[in-house]
Amino acid sequence: MTNLTRRGFIVLGAGALVSSCTSYTFSSATKPSRLSTAAITQKINEARKANGRKAVVYNAKLAAAARNQALLMASRDELSHNLDITLRQRVADAGYFGAVGENLAGGHQTLEAAIEGWLQSSGHRSTLLSSKFKEYGLAYARVSSDKKSRYGIYWALIMGGDFSAWSE
């Protein structure tokens, strides 16, 4: 993964999904290099709260799986859920065995822009705002600045929760 910059990734967490017409506009824009787990959790939960959803919490195993996906996308400069490994395989490899959903983004220069993009897409919105998900992991990775890239930066958000919530 030598194509990635040292500061090119950060593992952090994010929220869940369900359709709603409410949108949310952030009052600030946070560059990836300035992100912390607390800041990411706050931004995800601000969007969830604005849409009538409960807060989610950070999960290190989901964050590790998200980081692996973001790094893989950046190393291949390709935005895709399946780059020789499925979401289920990635989360299991990270030690997470609950229900999961994934949102990916490419080219968004801030966390807020990535979240706003997900909120504008019904499928991504559903994942981000789902009341069935209780925890999240989030990561980004940059393509090395010496390489021409379609997106330059890739984001991966994995939401997780108990399988039983889906059988109710």
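Which helices and strands do the buried residues of helix 4 pack against? Hold on to that puzzle for a moment, everyone, while I say hello and set the scene.

What you see above is a predicted model. The chain has 168 residues, and 50% of them count as buried. It contains six helices and five strands. If you read along the sequence, the pattern goes β-α-β-α-α-β-α-α-β-β-α. The chain exposes about 8000 Å², and carbon and sulfur atoms supply 50% of that area.

One more number before we zoom in. Take the contacts between residues at least 6 apart in sequence: 78% of them join residues at least 24 apart. Please keep that in mind when we come to the pairs later on.

Now, back to helix 4, which covers residues 111–119. Its buried residues are Leu111, Glu112, Ala114, Ile115, Trp118 and Leu119. They sit on the same side of helix 4, because they cover an arc of only 160° around the axis. And here is the solution to the opening puzzle: these buried residues pack against helix 1 (37–50), strand 3 (99–106), helix 5 (122–129), strand 4 (135–142) and strand 5 (153–161).

So what collects in the middle of all this? There is a general idea that helps here. In soluble globular proteins, nonpolar side chains tend to be buried together. In our chain, the largest nonpolar core has 21 residues. The residues with the most contacts inside this core are Ile44, Ile115, Trp118, Tyr136, Leu138, Trp155 and Leu157. Helix 1, helix 4, helix 5, strand 4 and strand 5 each supply at least two residues of the core. Which element gives the largest share of this core? That is helix 4, with five residues. You may recognise Ile115 and Trp118 from the buried residues of helix 4.

There is also a second, separate core, with 20 residues. Among its members are Ala65, Ala70, Leu87 and Ala139.

Let's move on to strand 4. Is strand 4 mostly covered or mostly uncovered? Mostly covered: seven of its eight residues are buried. Strand 4 also has two partners. Strand 2, residues 57–58, runs parallel to strand 4, and two bridges join them. Strand 5 runs antiparallel to strand 4, and there the number of bridges is eight. For a concrete example, find Leu138: its bridge partner in strand 5 is Leu157. Both names were on the list of residues with the most contacts inside the largest core.

On the other partner, look for Tyr58, whose bridge partner in strand 4 is Tyr136. These two tyrosines bring me to the aromatic rings. A pair of aromatic rings is described by the distance of the centres and the angle of the planes. The model has three aromatic pairs. Tyr58 and Tyr136 form one of them, an edge-to-face pair with 6.1 Å centre to centre and 70° between the planes. This pair links distant parts of the chain, with Tyr58 in strand 2 and Tyr136 in strand 4, 78 residues apart. How covered are the two partners? Tyr136 is buried, with a relative accessible area of 0%, whereas Tyr58 is partly exposed at 31%.

Another edge-to-face pair is made by Tyr151 and Tyr154, with 5.6 Å centre to centre and 80° between the planes. Here Tyr154 is buried, with a relative accessible area of 0%, and Tyr151 is partly exposed at 23%.

Next, a stop at the loop between helix 2 (60–76) and helix 3 (87–93), where we find Asp77. Phi of Asp77 is near 50°, a positive value in a residue other than glycine. Asp84 is found in the loop between helix 2 and helix 3 as well. Asp84 also has a positive phi, about 70°, although it is not a glycine. As for cover, Asp77 is partly exposed, with a relative accessible area of 25%, while Asp84 is exposed, with 69%.

My last stop is Gly123, in helix 5. Gly123 is partly exposed, with a relative accessible area of 43%. From Gly123 to Glu102 is 21 residues in sequence and 9.9 Å in space, C-alpha to C-alpha.

If you remember one thing today, take helix 4: its buried residues lie on the same side of the helix, and helix 4 gives the largest share of the largest core. Thanks for listening!

Notes:
Residues are numbered from 1 along each chain as its sequence is written. Side-chain values use heavy atoms; hydrogens and water are left out. Buried means under 20% relative accessible area, exposed over 50%, partly exposed in between (1.4 Å probe, protein chains only). Helices (H or I, at least four residues) and strands (E, at least two) are DSSP runs, numbered from the N terminus. The arc is that of the directions from the helix axis to the C-beta atoms. Contact means heavy atoms within 4.5 Å. Two strands pair if DSSP finds at least two bridges between them. A nonpolar core is a set of buried Ala, Val, Leu, Ile, Met, Phe, Trp, Tyr and Cys residues joined through side-chain atoms within 4.5 Å. Accessible areas come from the Shrake-Rupley method with a 1.4 Å probe; for residues, only the protein chains shown count as cover. Rings of Phe, Tyr and Trp (its six-membered ring) pair if their centres lie within 6.5 Å; planes under 30 degrees apart count as stacked, over 60 as edge-to-face and the rest as tilted.
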